[in-house]
Amino acid sequence: MYSAELLDHFENPRNAGAVEDPDSSVQLENPACGDVLELSVRLETRLEGRRIADIRFRAKGCVPTIACGSAITELIIGKNLDAARQLKREQLVQKVGGLPQASDHASHLAMDALDALLRNL
C-alpha cells in the first residue's frame, strides 16, 4: 500500500523536532481528519540572500502525514527562499514514492504548512 520511500520517512523521520529560536513557525491542522503538522525554520543570511539553515517538523497523524513532514524538510533545507517557494506538491509526492489517493491530504497539509511558514518570513 505504501512505498518503500514513504515507509522509510515514517520509520526514520528526518529533521524531527522543533528549531530553537526559529525565525518562523507554524502549526496547521487538517479539519477533516485531525492530522496536525508543525514546521519551524531558522534562516541564515549570505551574500546571495537568505537561505534555510535549519527546518524541523512535528506531526500528529497518519503515516503519510509524518512521512510528508519529514520529506518536505529534506526538500528545502539549504535552499534560498525563492527556491523554497517554488517547491511543487508533485515534487513532495515523488520524494515519498507516491501516495495512495486516500492519503493525498497529507501532501496538501505539508504544502499548506510550508506556504504559511514562508509567508511569515
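**Lys 79, the strands and the loops**

Colleague: Not counting residues up to four places away in sequence, which residues does Lys 79 touch?
Modeller: This is a predicted model. Contact here means heavy atoms within 4.5 Å. With residues up to four places away in sequence left out, Lys 79 touches Arg 51, Ile 52 and Ala 84.

Colleague: How far apart are the C-alpha atoms of Lys 79 and Ile 52?
Modeller: Lys 79 and Ile 52 are 27 residues apart along the chain. Lys 79 is found in the loop between α2 (63-76) and α3 (81-85), while Ile 52 falls within β3, residues 49-60. Their C-alpha atoms are separated by 5.6 Å.

Colleague: Is Lys 79 buried, partly exposed or exposed?
Modeller: Buried means under 20% relative accessible area, and exposed means over 50%. Lys 79 has 34% relative accessibility, so it falls in between. It counts as partly exposed.

Colleague: In what pattern do helices and strands follow along the sequence?
Modeller: The protein has five helices and three strands. Read along the sequence, the pattern is α-β-β-β-α-α-α-α.

Colleague: How many bridges join β2 to β3?
Modeller: β2 and β3 form a hairpin with two residues between them. One bridge pairs Val 41 with Ile 55 in β3. The strands run antiparallel, and the number of bridges joining them is eleven.

Colleague: And what about β1 and β2: which residue in their hairpin takes a positive phi near 90°?
Modeller: β1 (residues 24-29) and β2 (residues 36-46) run antiparallel, joined by six bridges. Val 26 stands opposite Leu 39 in β2. The hairpin has six residues between the strands, and the residue with a positive phi near 90° is Gly 34.

Colleague: Asn 15 and Asp 21 have a positive phi. Which of them is buried?
Modeller: Most residues other than glycine have a negative phi. Asn 15 has a positive phi of about 60°, and Asp 21 has one near 55°. Asn 15 lies in the loop between α1 and β1, as does Asp 21. Asp 21 is exposed at a relative accessible area of 66%, whereas at 18% the buried residue is Asn 15.

Colleague: Is Ser 3 buried or exposed?
Modeller: Ser 3 lies in the segment before α1 (4-11). Leaving aside neighbours within four places in sequence, Ser 3 is in contact with Val 96, Gly 97 and Gly 98. The cut-off for buried is under 20%. With a relative accessible area of 15%, Ser 3 is therefore buried.

Colleague: What radius of gyration does the protein have?
Modeller: The C-alpha atoms fill a box of roughly 45 × 25 × 25 Å along the principal axes. With 121 residues, a compact globule would have a radius of gyration near 14 Å. The protein agrees with that, at 13 Å.

Colleague: What share of the contacts with a separation of 6 or more comes from residues 24 or more positions apart?
Modeller: Buried residues make up 41% of the 121 residues. Of the contacts with a separation of 6 or more, residues 24 or more positions apart account for 61%.

Colleague: How far apart are the mean positions of the positive and negative charges?
Modeller: The protein exposes about 6,400 Å², with 44% of it supplied by carbon and sulfur atoms. There are 14 positive and 18 negative charges. Their mean positions are separated by 4 Å.

Key
Residues are numbered from 1 along each chain as its sequence is written. This is a predicted model: local features need pLDDT of at least 70, side-chain atom pairs count only at pLDDT 80 or more; totals for chains, interfaces and linings use all residues. Side-chain values use heavy atoms; hydrogens and water are left out. Helices (H or I, at least four residues) and strands (E, at least two) are DSSP runs, numbered from the N terminus. The radius of gyration is taken over C-alpha atoms; the globule rule is 2.2 Å times the number of residues to the power 0.38. Buried means under 20% relative accessible area, exposed over 50%, partly exposed in between (1.4 Å probe, protein chains only). Accessible areas come from the Shrake-Rupley method with a 1.4 Å probe; for residues, only the protein chains shown count as cover. Lys and Arg count as positive and Asp and Glu as negative; His and the chain ends are not counted. The place of a charge is taken as NZ of Lys, CZ of Arg, CG of Asp or CD of Glu. Two strands pair if DSSP finds at least two bridges between them.
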